[in-house]
Amino acid sequence: MGSSRRTFVAGAAAAGGAMALGAAPVAAASAGPADAPRRAARESVAVLGGGVAGLTAAHELAERGFAVTVYERRALGGKARSMDVPDSAKGGRRPLPAEHGFRFIPGIYHNLPDTMRRIPFPGNANGVHDNLVAPREMMFARTGREDLRFPIPWPGHQPARLTLDDLRRALTGLLETAANLPAHESAYFVNRALVFLTSCDERRDDTWERTPWWDFTRAARMSKDYQRILAIGVTRNIVATKAEEASTRTVGTLGEAFVFNALGRGADGPPDRILNAPTNEAWIDPWADHLRGLGVDFRIGWTVREMKYADGRVAAAMIEDPDGVRRTVTAGHYVCALPVEHARPTWSAAMRAADPQLARCDRLRTDWMTGIQFYLTERTPILHGHLNCIDSPWSLTAIAQAQHWPDRDFPADYGDGTAADCLSVDISEWDKPGILYGKTAKQCTREEVAREVWAQLKAALNDTGRTVLRDSTLHSWFLDPGVDGIGTPNPTNEDELLIHPVGTWHNRPSAATRIPNFFLAGDYVSVAIDLATMEGANASARAAVNALLDRTGSTAQRCTVTPLFRPPEIEFLKRHDRTRYRLGLRNALDVG
C-alpha cells in the first residue's frame, strides 16, 4: 500500500497568510521524523479552489512546511460540502442539512480514507475516518415490479432484520428478474466481464477506451431487463454516467474494483460507506480547522478570474475579492484545484501553447447530476442503504439519512422540530421527459422538479401494494442552489459533473504541467481512478504536490498515491492478452 502513513507536524501558523497579495512568505518551522527542508519552508503556494482537491493539496503542502493560501469562491468542500437550508432553523436548532448530492465513500478508495485518518476528531482514534458507517443493504427499485434488495455482507456487520413479508418480496423480485432475464443474456454478460478482467492495459487504454459500455455489452440486442439492470443500472450506480456514451475502460475498471471490494480483496473497508452526520459536521469543518492549525490561510469568497503568464511561468493570479475588486495575487507556485469547467477560462492562450495538455482539456465534457433533499415528518421505511430507481426516467438514486446518523436526533437537532428524516436524492438524467409533466428536468421549474422527482420515487417504491412514501409526511424539499434558470430557455448549473464518453482518458492532463510553477489537481486529472470522484480529486492533489516537490528539489517525503487493486493471480492472463493484442488478435475469451 505504499510507504507508511505520514507523521508530519506543521509549524508556526503565522506562515499561513504570508503569501497573500504578493506578500513575502514567512518561513514556517516544521518538526517530526520527515522534516521539510528549510528551502521548502520558505516556498509559498497559492491553491486555487477549496474543494476536496484543493483541501488535500493544502493539507499535504502544509504538513511539509509550505506557506499555503487557499482561494475559494464559495465555500470549503466544493461539491462535497453540506449546506444549510435557509430560514429552516427554529427553537435553537440547527438549520436543516442539505447537500449537492449524498456522499459515498466505497472501500475501493484508499487515498481519501488515508487523509481522513489524519484529520483529528474528538473521541475518534482514527480521526474523521471513524465517522464512516457502512449501510447494510442496497436495492434496485423497480417500477411496477418487486424490488431487488441485496444485503451487503462484511465481517462484523449485522445484517438488516427482515420480516416474512420482506423475504417474500425479495424472493419474488429475484425470481421475477431471473424469469425476465434470459439465461443466455446473463451468461453473455458474465463473458463480457471476464473479457475485460483479462484484458491487458494496452487493450483497455485503446480498444475499450474507444468502445461505449452499451456496445461492449451488446445491450441494444438484449432484453429490457438486461438493458436496465446490467447496462444502465451498473453505470448509474458505479460511475454516474450514461451507458450509451461511457467508455468501457471507465465502467469496467470501476466495476472490477467494486467486485474485488465485495470479495474483500484490496479493500480499505466495506463496499458502501457514508458519513454518520452531515458532511460538514463529520468531515469538512474539522478538516478546515485542522488546516488552519497547520498554518493554512483561507480566503473565502475570492474568485479566480485569470492566470497571468510571463517568461515561461505563471507570474500571478487575478482574483476577485468578496467586494468585487480584482487583485493581483503572487506566489512561488500555483496549484489549480478548480473544477475543469471553471479552470479552463482562467488559462490564457499562451499557457495553452506552452502546454498542449491544457488545450486538450477543452475536449473534456461535463453534465448535470444534482441533488434534491426531501424532509419527512417520519422516518421512511425504505431500507438501510442506497436505492437505485433503475426504471425512473430521471435515473434517480437515493438514501434515507437519519437512520445512519446515530448521534443525531434529527427532529431535536435540526429544523423546526417536525422534520424527522432527510431523503437525499441524486438526479442523474436532466434531458429526458418525466412521468408527471412530460418535460425534461431542465424544462421544469424548481417546484415542478420537486413534484416530478417525488412522483418518480413513489412510482418506484409504492407500486407493489406497500406504501413507503406518503404525501402527508412531506415536510419540505431543497434543490441544489447551483441550478438556476430551469424552466427557461437558458438553464445553468454551476456544479456540473465530469462525464466519461469514449476517448476521455486520452484528454485528461497530468498533475505536472510544462509550466514549471503551475500544477493541476481535480477529478479530471489523469490518475488511476478514471472517474469524477472525491478519491480522484484526492489522488490528483497528492500527485500535484509530488510534482511540486520534485520541481523545487525538496527532500520532503513524497505523498503516497495508492492505485486501484490489481489481483496478482490474473496478471499472467493479462500478459497473455498483451501478446494477442500486439498480434492484432482479440482477447482469448472474447466471443464477439
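## Overall composition

Accessible areas come from the Shrake-Rupley method with a 1.4 Å probe. By this method, the protein chain exposes about 22,700 Å², and carbon and sulfur atoms supply 54% of that area. The structure described here is a predicted model.

The protein chain has 592 residues, of which 58% are buried. Its secondary structure comprises 17 helices and 23 strands. Among contacts between residues at least 6 apart in sequence, 71% join residues at least 24 apart.

## The sheet of seven strands

Strands of a sheet pair through backbone hydrogen bonds, either parallel or antiparallel. One open sheet in this model has seven strands in the order 7-6-16-17-18-15-19, and its pairing is mixed. Strand 7 (148-151) and strand 19 (474-479) stand at the edges. Each of these edge strands has a single partner strand, so one side of each is left without a neighbour in the sheet. From one strand to the next, the twist averages 20°.

Within this sheet, strand 16 (residues 385-389) pairs with strand 17 (residues 396-400) in the antiparallel sense, over four bridges. Leu387 stands opposite Ala398, a residue of strand 17. Helix 15 (residues 446-461) lies across strand 6 (137-140), strand 15 (370-376), strand 16, strand 17, strand 18 (421-427) and strand 19. The helix runs at about 75° to strand 15.

## The sheet of five strands

A further open sheet has five strands, arranged in the order 9-2-1-13-23 with parallel pairing. Its edge strands are strand 9 (297-300) and strand 23 (518-520), each of which pairs on one side only. The twist in this sheet averages 20° from one strand to the next.

Strand 2 (residues 67-72) and strand 9 run parallel and are joined by four bridges. Tyr71 stands opposite Arg299, which belongs to strand 9.

## Residues in loops

Two loop residues have a positive phi although they are not glycine: Asp311, with phi near 55°, and Ser395, with phi near 50°. Asp311 is found in the loop between strand 10 (303-310) and strand 11 (313-320), while Ser395 is found in the loop between strand 16 and strand 17. Are these residues buried or exposed? Asp311 has a relative accessible area of 80% and is therefore exposed, the cut-off being over 50%. Ser395 has a relative accessible area of 9% and is therefore buried, the cut-off being under 20%.

Asn276 also has its place in a loop, between strand 8 (274-275) and helix 10 (279-293). With a relative accessible area of 12%, Asn276 is buried. Which residues are in contact with Asn276, leaving aside its neighbours within four places in sequence? They are Asp130, Asn131, Val133, Ala282, His404, Trp405 and Pro406.

## A nonpolar patch on the surface

Val190, Leu194 and Leu589 make a nonpolar surface patch of about 240 Å². Leu194 has its place in helix 5 (residues 183-197). The relative accessibility of Leu194 is 38%, so this residue counts as partly exposed. That class lies between the buried residues, under 20%, and the exposed residues, over 50%.

Methods. Residues numbered from 1 in each chain as written. Predicted model: local features only at pLDDT ≥ 70, side-chain atom pairs only at ≥ 80, totals over all residues. Heavy atoms only, no water. Patch = residues over 30% accessible without salt bridge, like charges linked within 9 Å, V, L, I, M, F, W, Y side chains within 5 Å. Salt bridge = Lys/Arg side-chain N within 4 Å of Asp/Glu carboxyl O. Helix = DSSP H or I, 4+ residues; strand = E, 2+ residues; numbered from the N terminus. Buried < 20%, exposed > 50% of the residue type's maximum accessible area, 1.4 Å probe, protein only. Pairing = 2+ DSSP bridges. Axes fitted to C-alpha atoms, helices over the stretch in contact; angles between N-to-C directions. Contact = heavy atoms within 4.5 Å.
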